[in-house]
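Good morning, and thank you for coming. I would like to go through one structure with you, beginning with its aromatic rings and then turning to its core, a helix and a charged pair.

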Amino acid sequence: MLNKQNRLLIQTLPPKAFKIIHLPSIIVRFYNDQTERPRFGIVVSKKIFKTAVLRNYYRRLAYSILRGLIPSFKSGSYLIFIKQQISKEELLKDLTKIKL
């Protein structure tokens, strides 16, 4: 899990005013709000992973990868949607490609 300062509360995001980045296995919405640190939220759809066990596994996997990459992100809010089943290496590769 990420530190509380780096977690994103999805309810606090504005409905519009974001930039979308499409990658092979993830979609990233970047909100350029005035935060001190980058904040992250992970969304795993029930359409892709039917069981809560798999959804939580991929969410935790993404958070564990992001924990090491936080210094490379600029401040703002990142909402990451996982859109297909992928391996840990592919997820790491896609998360490191996020550059704004």
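Let me begin with a definition: the rings of Phe, Tyr and Trp, the last by its six-membered ring, count as a pair if their centres lie within 6.5 Å, and planes over 60 degrees apart make the pair edge-to-face. Please keep in mind throughout that this is a predicted model.

By that criterion, the structure contains seven aromatic pairs. One of them joins F40 and F73, with ring centres 5.0 Å apart and planes at 75°, so this pair is edge-to-face. It bridges distant parts of the chain, since F40 belongs to strand β3 whereas F73 lies in the loop between α1 and β4, 33 residues apart. F40 is buried, at 0% relative accessibility, and F73 is buried as well, with a relative accessible area of 9%. F73 also pairs with Y78, again edge-to-face, at 5.1 Å centre to centre and with 65° between the planes. Y78, like F73, is buried. Taken together, ring pairs connect F30, F40, F73 and Y78 into a cluster.

I turn now to the nonpolar core. How many residues does the largest nonpolar core have? The number is 26, and the residues with the most contacts inside this core are I26, I80, L95 and I98. At least two core residues come from each of β2, β3, α1, β4 and α2. The largest share, seven residues, is supplied by α1.

I80 deserves a slide of its own. Not counting residues up to four places away in sequence, I80 touches I26, I27, V28, F40, G41, I42, V43, L66, L95 and I98. Among these partners is F40, the residue we met in the ring pair with F73. Also among them are I26, L95 and I98, which share with I80 the distinction of the most contacts inside the core.

L95 brings us to helix α2. Which residues of helix α2, spanning 88-96, are buried? They are L91, D94 and L95. Viewed down the axis of α2, these buried residues fall within an arc of 100°, so they line one face of the helix. The cover over them includes β2, α1 and β4.

D94 has a contact worth showing. S25, placed in the loop between β1 and β2, is buried at 2% relative accessibility. Setting aside neighbours within four places in sequence, S25 is in contact with F81, I82, K83, Q84, I86 and D94.

Next, the charged side chains. In general, side chains of opposite charge can pair when their charged atoms come close. The structure holds one salt bridge, formed by the side chains of D33 and R39 at 3.0 Å, N to O. Is each partner buried or partly exposed? D33 is partly exposed, with a relative accessible area of 22%, whereas R39 is buried, at 18%; the cut-off for buried is under 20%.

R39 leads to my last residue, Q5, which sits in the segment before β1. Q5 is partly exposed, with a relative accessible area of 46%. Beyond its neighbours within four places in sequence, Q5 is in contact with R37, P38 and R39. As for its position relative to E89, the two residues are 84 apart along the chain, and their C-alpha atoms are separated by 26 Å.

That concludes the presentation, and I welcome your questions.

Key
Residues numbered from 1 in each chain as written. Predicted model: local features only at pLDDT ≥ 70, side-chain atom pairs only at ≥ 80, totals over all residues. Heavy atoms only, no water. Buried < 20%, exposed > 50% of the residue type's maximum accessible area, 1.4 Å probe, protein only. Helix = DSSP H or I, 4+ residues; strand = E, 2+ residues; numbered from the N terminus. Arc of directions from axis to C-beta. Contact = heavy atoms within 4.5 Å. Salt bridge = Lys/Arg side-chain N within 4 Å of Asp/Glu carboxyl O. Core = buried A, V, L, I, M, F, W, Y, C linked by side-chain atoms within 4.5 Å. Phe/Tyr/Trp six-rings, centres within 6.5 Å; stacked < 30°, edge-to-face > 60°.
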